[in-house]
Amino acid sequence: MKVIDTHCDALLKLWENRDLTFGKEDQRLHVSRPEMEQGDVQLQVFAVFVPMNVPPGRRFHAALEMAMLFHEQVVGSGLQPVYGKQDIDEVMNGNRRGAMLFLEGAHPLEGSLTYLQTLYRLGVRGMGLTWNFRTEAADGCEEPRPSGLSLFGRQVIKEMNRLGMMIDVSHLAEPGFWDVMELSESSVIASHSNTMEYCSHKRNLTDEQIRALIKKESVIGLSFVPFFNTSEKRTVWIDDLLRHLDHVCSLGGADHVGFGSDFDGIDKTFGDLSSAGKYQLLVEELLKRYSEAEVRKFMYENWLRVFKSVLQ
């Protein structure tokens with residue numbers, strides 16, 4: 001079964017380790033072209049994440065370097081870049097696998113809408129306003145006394161709506177989340193977040209947030225980060241992830257949930273779901289609990305709907 005995954009950090013690994021090659025099998029990469037083929041990942045979203053230790057004044061340049069790596073290594077390996085609705089149709093109905101580019105955190109913009117527009121021209125089609133900490137746009141979930149969106153953050157939301165970019169609320173502190181829900185004229189996504197019900201981590205979503213995302217015709221991508229799935233210090237398995245899926249569905253979210261693995265952004269993986277190549281193990285487990293029509297929604301149809309509603 002085809003898969004859409006809305007978050008991986010393979011670009012960061014490629015940027016930090018220039019001896020890595022996306023098109024070749026390498027155990028250091030959770031997501032590579034061979035892994036995507038093995039797991040039948042038809043469309044993968046690649047995050048540009050500039051580490052917070054990169055100093056101001058160099059962050060936009062680092063984002064440009066990662067965008068270039070996306071085109072040189074990911075697209076260069078034969079994946080089709082996805083910029084809009086037509087590209088999505090070609091990827092999902094054709095023989096070529098697709099790749100979409102997001103920015104994780106607005107800190108590389110350094111307070112400039114021109115930088116946002118430039119990254120859009122380079123193929124970036126979505127952005128989360130924060131990583132865990134404060135940016136010029138908003139506060140991240142790890143800030144001790146978080147506020148909502150800044151004036152610049154509000155300008156960013158308006159410009160992303162105009163451009164037809166996906167707004168990603170993962171990592172965003174709750175006051176900023178509610179600002180985005182009020183201000184955005186289009187559906188948004190949480191590309192890699194789990195439920196607070198089964199793991200009370202700051203990165204996870206409350207039931208109130210999940211219901212708001214459902215009401216806004218948005219989609220939540222459940223993450224494979226072990227400590228977003230359980231607070232217990234043990235090996236995590238697919239069954240732990242499915243508790244979060246069951247809970248979203250119990251809130252009326254069967255049409256509003258998918259998966260955003262966070263592969264290559266994690267040091268420790270599930271015991272079974274350890275790379276993109278293992279995705280069909282998840283499909284097999286889902287088919288034991290849900291109908292094939294429901295599983296298609298979780299694996300790709302829900303993402304297709306929200307992408308097509310926003311992208312131009």
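Which strand gives the most to the lining of the largest cavity? Strand 4 does, with three residues, and the tour starts there.

Before you click, a few ground rules. This is a predicted model, where local features need pLDDT of at least 70, side-chain atom pairs count only at pLDDT 80 or more, and totals for chains, interfaces and linings use all residues. Residues are numbered from 1 along each chain as its sequence is written, and side-chain values use heavy atoms, with hydrogens and water left out.

**Stop 1: the cavity.** Select H7, E104, D168, S191 and H192, which lie nearest the centre of the largest cavity among its 14 lining residues. On a 1 Å grid over the protein atoms alone, a cavity is a set of points where a 1.4 Å probe fits but cannot get out, while a pocket is an open set with protein on both sides within 12 Å along at least five of seven lines; lining residues have an atom within 4 Å of a point. The volume is about 60 Å³, counted as the space filled by probe spheres set on the points, which are joined across faces, edges and corners. Now add strand 1 (3–8), strand 2 (41–48) and strand 4 (98–104), each supplying at least two lining residues. Strands (E, at least two residues) and helices (H or I, at least four) are DSSP runs, numbered from the N terminus.

**Stop 2: the largest pocket.** Move on to V225, F227, G265, I266 and D267, the residues nearest the centre of the largest pocket. This pocket has a volume of about 570 Å³, and 31 residues line it. Show helix 1 (10–16) and helix 9 (226–229) too, since each supplies at least two of the lining residues.

**Stop 3: helix 11.** Select residues 279–289 and pick out Y279, Q280, L282, V283 and L286, which are buried (under 20% relative accessible area, with a 1.4 Å probe and protein chains only). They sit on the same side of helix 11 because they cover an arc of only 145° around the axis, taken from the directions from the helix axis to the C-beta atoms. Their cover includes strand 1, strand 2 and helix 12 (292–310), where contact means heavy atoms within 4.5 Å.

**Stop 4: H247.** Finish in helix 10, where H247 lies. H247 is buried, at a relative accessible area of 11%. Its side chain makes a polar contact of 2.7 Å with that of D207; such a contact is a pair of N or O atoms within 3.5 Å, one able to donate a hydrogen and the other to accept it, and residues adjacent in sequence count only if both atoms are side-chain atoms. Leaving aside residues up to four places away in sequence, H247 touches T195, E197, Y198 and D207.

Notes: Buried < 20%, exposed > 50% of the residue type's maximum accessible area, 1.4 Å probe, protein only.
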